[in-house]
Amino acid sequence: MVNISDNVIHPKHYNHGKYEVIDVIEDWKLNFNMGNALKYIARCEHKGKKVEDLEKAIFYLNREIEVYYNEND
């Protein structure tokens, strides 16, 4: 068995409040783009790179919008 550190399993920047981001993503059945957007929004106040994380969230939201338009032409 591989020993995985707590920083890999439960990173502090994803554990604020009652719910861990990965649990919300899985419970809500979010796809890759939506899950990543939520992940970056959730951590933006806690990792020290707020604008970069928000830009990453926008990137994934824009990709999701493109997918939507491509599927609904």
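The questions and answers below go through a predicted model of one chain.

Reader: How many helices and strands does the chain have?
Author: This is a predicted model. From the N terminus on, its elements run α-α-α-α. The secondary structure comes to four helices and zero strands.

Reader: Which helix has the lowest confidence, and which the highest?
Author: The chain has a mean pLDDT of 87. Of its residues, 78% reach 70 or more. Confidence is lowest in helix H1, residues 6–9, at a mean of 60. The highest value, 97, belongs to H4.

Reader: What share of the residues of the chain counts as buried?
Author: Buried means under 20% relative accessible area. The chain has 73 residues. The share that counts as buried is 25%.

Reader: What part of the contacts with a separation of 6 or more comes from residues 24 or more positions apart?
Author: Take the contacts in the chain with a separation of 6 or more. Residues 24 or more positions apart account for a share of these. That share is 40%.

Reader: What is the distance between the end C-alpha atoms of H3, and what span should its 12 residues have?
Author: Helix H3 covers residues 32–43. At 1.5 Å a residue, it should span 16 Å. This agrees with the distance between its end C-alpha atoms, 17 Å.

Reader: Which elements do the buried residues of H3 pack against?
Author: In H3, the buried residues are Asn-33, Gly-35, Asn-36, Ala-37, Tyr-40 and Arg-43. Their packing partners are helix H2 (21–27) and H4.

Reader: Which side chain reaches the backbone nitrogen of Asn-33 at the start of H3?
Author: The contact uses a side-chain oxygen. That oxygen comes to within 3.2 Å of the backbone nitrogen of Asn-33. The side chain is that of Asn-31.

Reader: Is Glu-64 buried or exposed?
Author: Glu-64 lies in helix H4, residues 50–71. Its relative accessible area is 18%. The limit for buried is under 20%, so Glu-64 counts as buried.

Reader: What is the nearest side chain of opposite charge to Glu-64, and how far away is it?
Author: Side chains of opposite charge can pair when their charged atoms come close. Glu-64 has no salt bridge. A salt bridge needs a distance within 4 Å. The nearest candidate, at 7.9 Å, is Arg-63.

Reader: Which side chain joins that of Glu-64 in a polar contact?
Author: Set aside the neighbours of Glu-64 within four places in sequence. Glu-64 is then in contact with Asn-31, Asn-33 and Met-34. The polar contact has a length of 3.1 Å, and the partner of Glu-64 in it is Asn-31.

Reader: How far apart are the C-alpha atoms of Glu-64 and Phe-32?
Author: Along the chain, Glu-64 and Phe-32 are 32 residues apart. In space, their C-alpha atoms are separated by 9.0 Å.

Reader: How many salt bridges does the structure hold, and which residue pairs with Arg-43?
Author: The structure holds three salt bridges. One has an N to O distance of 3.1 Å and joins Arg-43 to Asp-53. This pair links distant parts of the chain, 10 residues apart: Arg-43 in helix H3 and Asp-53 in helix H4. The count is three, and the partner of Arg-43 is Asp-53.

Reader: What is the relative accessible area of Arg-43?
Author: Both Asp-53 and Arg-43 are buried. The C-alpha atoms of Arg-43 and Leu-54 are 9.2 Å apart, at 11 residues in sequence. For Arg-43, the relative accessible area is 8%.

Reader: Which residue meets Lys-50 in a salt bridge?
Author: Lys-50 is partly exposed, at 39% relative accessibility. Its partner is exposed, with a relative accessible area of 52%. The N to O distance is 2.7 Å, and the partner is Glu-45.

Reader: What separates Glu-52 and Lys-56 in helix H4?
Author: Their side chains meet in a salt bridge of 3.4 Å, N to O. Glu-52 is partly exposed, at 35%, and so is Lys-56, at 28%. The two are four residues apart, so the separation is about one helical turn.

Reader: What phi does Lys-29 have?
Author: Most residues other than glycine have a negative phi. Lys-29 sits in the loop between H2 and H3. Lys-29 is exposed, at 72% relative accessibility. Although Lys-29 is not a glycine, its phi is positive, about 55 degrees.

Notes: Residues are numbered from 1 along each chain as its sequence is written. This is a predicted model: local features need pLDDT of at least 70, side-chain atom pairs count only at pLDDT 80 or more; totals for chains, interfaces and linings use all residues. Side-chain values use heavy atoms; hydrogens and water are left out. Buried means under 20% relative accessible area, exposed over 50%, partly exposed in between (1.4 Å probe, protein chains only). Lys and Arg count as positive and Asp and Glu as negative; His and the chain ends are not counted. A polar contact is a pair of N or O atoms within 3.5 Å; within protein, one must be able to donate a hydrogen and the other to accept it, and residues adjacent in sequence count only if both atoms are side-chain atoms. Contact means heavy atoms within 4.5 Å. pLDDT is the predictor's confidence in each residue, from 0 to 100. The expected span of a helix is 1.5 Å times one less than its number of residues.
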